[in-house]
Each structure stands twice: as structure tokens, then as C-alpha cells.
Amino acid sequence: TYCCCPHYLPLLPTPPPTLLLLSTPPAAVHTSSCCCPHLLLLSTPPPAAVHTSSCCCPHLLLLSTPPPAAVHTSSCCCPHLLLLLSTPPAATMATRNLSVVVYAKNDLRIENRPIPEPGPDEVLLKMAKVGICGSDVAYWTKGAIGHFVVKEPMVLGHESAGVVTKCGKNVTSLVPGDRVAIEPGVPCRLCDFCKKGRYNLCPDVYFCATPPDNGNLCQYYTHAADFCFKLPDHVSLEEGALLEPLSVGVHACERAGVTLGSSVLICGAGPIGLVNLLVAKAMGATKVCITDIAENRLKVAKELGADYTVLVKTSDAETLAQEVKEVMGMPDKTIECSGAETSIRLGVLATKSGGVIVLIGHGPEEVKIPVVIAAAREVDIRGVFRYANNYPSSLAMVASGKINVKSLITHRFKLEEADKAFETARTGAGGAIKVMISCD
């Protein structure tokens, strides 16, 4: 059930010790022309009928047609089976599950953990690509984000994609070999928020890499099948992993009401600010201005389609609002992605009367903003928390070519290089925007 090859039947659940078991991938005797890359090929094709119903060997599931569904060692009791080459395939059984775990503030470790078994409605995934999010860095460097505190070891990672290797007994939507993007939040499905479709607000959601829930920056991970989205053949696993931050942008633009002809101000040109830029443009915004304190990020924003950029050189929001007004006029939508007090104040002051400002960035728990000005000018202030029902539209925009997220990836590392990857994400060295880790 793990293997990509459709040419053989699985083994019986509990074969005798003389049968060499391969749990990943399953064992089989294949002809030299078989399509499966996972198995050791025989030096010569097996006979036309290797096993028959009259075979003396009790160890094998009988087949009406060849090939037999087993790998046999040379010590097997059955004289009817063509034996494998003297050296069995190497490393056929997965035994490692390297995982990137934060223990406490500034305590990041790579350790081997058991490979989990999927529940009835879950799939076991061989993780392929995981992006490093700012929240991953925060849990490592600060040990907490707001009231989410790392109190026990936690696997990091939630921007992810992988390959299905095993399905729970109730799963019908996916099969082994499917490449999927993983929506990291699995809600309770029963509360009022879930029933109304706003499951991102579910108080009992399991969300990867948010204490106390483990993430999926590891080699093997189980997840609810209905929160795994199959990728079309032309969409890469890296693009699949980036559907997570892209969904934040889709949700934010929907909350702001971005549509054809919108004028949008985006505060912060980090990964989340940049995906909001891409989404706003795809939704029809005609003017988009983006701000940041780093000139190199504004350059990237310009390359991705920003109409205007403003380099933040002051903490005076009134001055910044005037700069924005001079380059683009007053936007009717503002998307705040930094969490900085100055940027929130800027959003309130710069947004056109009757407009909307949405807050994505999480900074200090309390900030000082001109609420009376917002009220008098009917500037709506709306929160944004993750996303809900946005993965399908995010995938559709990537698959159709309306949005290109690949250019956001600036650095790539192997799982064993996680310490270097996190340091790069923390410092922004080399103009880092999105750091991607390969788990396979």
C-alpha cells in the first residue's frame, strides 16, 4: 500500500519470520521491465507462473497471475519461487523520522522521533517541503507568541507539502503517491464557528507548530485527509508549501474587500506582505503601494508588481501618511502586515474615509492608535487570523498561473541543515525572504 507500483498485491498482514518484510515500500518480486523504482529487479524474468494454488509454501498470498507478492530470502522453505539476488535492497524500511524541535527559548534541536500511524480519517505523509515562517523563528528566539507559550518540546513547521504514503481505513479522497499541500489547522468541526464556516476561530483547533501542537518539519507526519489538497502534476511541492502563506493573503484581501479597481496600501514587505501584493493584484487592484524599512525588500516588491513603494525612515505616522498620499493618494484598503505600532497608526491615518484596514501582523499586545479619527471617518478596523476555506482558491490561482509564488523562495536547505536555515531566516542574511527546507 505504500508503493507507487500497481503490478502486485500486498502481503498478508502477518507473514512468518522467514519472509523479508518491506514496510516502505512493500515487497514484491518484479520483472526487469517493471515500472517500480523502489524494488531490486531480478536478474532474469520469473517464470510465467511462479505460484499456483497447489504450491507447498504457506507463507504467500496466492496469485491467479504472476508476479508473486513477496520478497523471499534464500532460506525460504518454498522451492517454487525464484530467489532474489544475494544482496537484498538496501534501506527499504523507513526507520528515521528526523524532526526539528524547539525545547525552549533559543533551544532548537534535530532529533529522531517515532514514525506515527495514521488514524481512520488520516493519511501518513512523507514530508517533502516546509517553509520557515516568522512564527517558527519567534517560538525559537522568544519561546512564545502572545499567550501561545512553548512549555514542552514542540516540532516546528506548518508551511508544508508532502506525499501520501499510507491511508487510514476511512480515507477515500486520497491514495498513496498523491502529492498534497497541507492546510495545517484542523478544527473540531462541531462548534458554532466551524458550523458557520469560520473554522479559523475554532477554540479547539489543532494547528501545526502552535503550542502545544506539533508541526510537520520532519520526515513523516500524519494529518486529517480532508485538510490535504491534491496538487496538479504541474504544481511543484514547493509551490504547495507556499499555499499556506498565500492563503493568509487571500483571506486578508477578502476581509478587506479588495476587488476590481481597489487602491491598496500594504504595510510591510516581508513574505506575508508580498503574498498580499500578489493576491491584491490578482483580485484586480489597480494601485498597490507597499512600505518597509528594508530597501532590498521594496526592490523585490517592485519586481513582483507593486506600483509604488515607500521606504520607512521615521516612526512618525503622520509624516508617513503624507508620503503615501503623495505617491498614490489615499487608499481605500490598507493591509497591515508588520504588527508595528507606527504601521497601524499609518494605516488609520492614510486610509480614505469609509475605507477598511485589516490587521495581520502580531506585535505588542497593546498599541496606541487614533481610534477617534478612525471612528469619525468611518474607517473600519478588522482583524485577520489565519484563513478559512481559502486553500482551494489559493491552489487555483497558482495552478492557473494567475499568481507566481516561486520567486519568493530565496534560500533552500536540507533538513539536516535546519540550524543554518533558521539562522538565515532570523537574520535575513543574503536578502532572505522565504527559506525552504527539503525533508526528503
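## Basis and overall composition

Contact here means that heavy atoms lie within 4.5 Å. The model described is a predicted one, and the protein in it contains 11 helices and 22 strands. Of its 440 residues, 51% are buried.

Contacts that span much of the sequence are well represented: among those between residues at least 6 apart in sequence, 67% join residues at least 24 apart. The protein exposes about 19,900 Å², and carbon and sulfur atoms supply 55% of that area.

## The six-stranded parallel sheet

Strands of a sheet pair through backbone hydrogen bonds, either parallel or antiparallel. One open sheet in this model has six strands, paired in parallel and ordered 17-16-15-18-19-20. Strand 17 and strand 20 (380-383) are its edge strands, each of them pairing on one side only. From one strand to the next, the twist averages 15°.

Within this order, strand 15 and strand 18 (residues 333-336) run parallel and are joined by four bridges. Leu265 stands opposite Thr334 of strand 18. Helix 4 (residues 243-256) packs on the sheet and touches strand 18, strand 19 and strand 20. The direction of helix 4 makes about 150° with that of strand 19. Helix 6 (residues 295-303) also packs on the sheet, where its contacts are with strand 16 and strand 17. The direction of helix 6 makes about 175° with that of strand 17.

## Helix 7 and its buried face

Does the length of helix 7 agree or disagree with a rise of 1.5 Å a residue? The 12 residues of helix 7 (residues 317-328) should span 16 Å at that rise, and its end C-alpha atoms are 16 Å apart, so the two values agree.

The buried residues of helix 7 are Ala317, Leu320, Ala321, Val324 and Met328. Seen down the helix axis, these buried residues fall within an arc of 100°, and therefore they line one face of the helix. The cover over the buried residues of helix 7 includes strand 15 (263-267), strand 16 (287-292) and strand 17 (308-311). Helix 8 (341-350) is also among the elements that cover them. Just after helix 7 comes Gly329, which takes a positive phi of about 80°.

## The three-stranded antiparallel sheet

A further open sheet consists of three strands in the order 4-3-8, with antiparallel pairing. Strand 4 (107-112) and strand 8 (154-155) stand at the edges with a single partner strand each, so one side of each has no neighbour in the sheet.

Strand 3 (residues 98-104) and strand 4 run antiparallel, with six bridges joining them. Val100 has Ile110 of strand 4 as its bridge partner. Helix 1 (residues 134-141) packs on this sheet and touches strand 3, strand 4 and strand 8. Its direction makes about 50° with that of strand 3.

## Val367 and its surroundings

Val367 belongs to the loop between strand 19 (356-359) and helix 9 (371-376). Its relative accessible area is 31%, which falls between the cut-offs of 20% and 50%, so Val367 counts as partly exposed.

Which residues does Val367 touch, not counting residues up to four places away in sequence? They are Glu341 and Ile344. Val367 and Ala340 are 27 residues apart in sequence, with their C-alpha atoms 8.5 Å apart in space.

## Backbone features in loops

A cis peptide bond, with omega of about 5°, joins Pro211 and Pro212. Pro212 lies in the loop between strand 12 (206-207) and strand 13 (220-224).

Two residues other than glycine take a positive phi: Glu378, with a value near 50°, and Arg386, with a value of about 60°. Are Glu378 and Arg386 buried or exposed? Glu378, in the loop between helix 9 and strand 20, has 59% relative accessibility and therefore counts as exposed, the cut-off being over 50%. Arg386, in the loop between strand 20 and helix 10 (391-399), has a relative accessible area of 17% and is therefore buried, the cut-off being under 20%.

Note on methods
Residues numbered from 1 in each chain as written. Predicted model: local features only at pLDDT ≥ 70, side-chain atom pairs only at ≥ 80, totals over all residues. Heavy atoms only, no water. Helix = DSSP H or I, 4+ residues; strand = E, 2+ residues; numbered from the N terminus. Expected span 1.5 Å × (residues − 1). Buried < 20%, exposed > 50% of the residue type's maximum accessible area, 1.4 Å probe, protein only. Arc of directions from axis to C-beta. Areas by Shrake-Rupley, 256 points an atom, 1.4 Å probe, with all protein chains shown as cover. Pairing = 2+ DSSP bridges. Axes fitted to C-alpha atoms, helices over the stretch in contact; angles between N-to-C directions.
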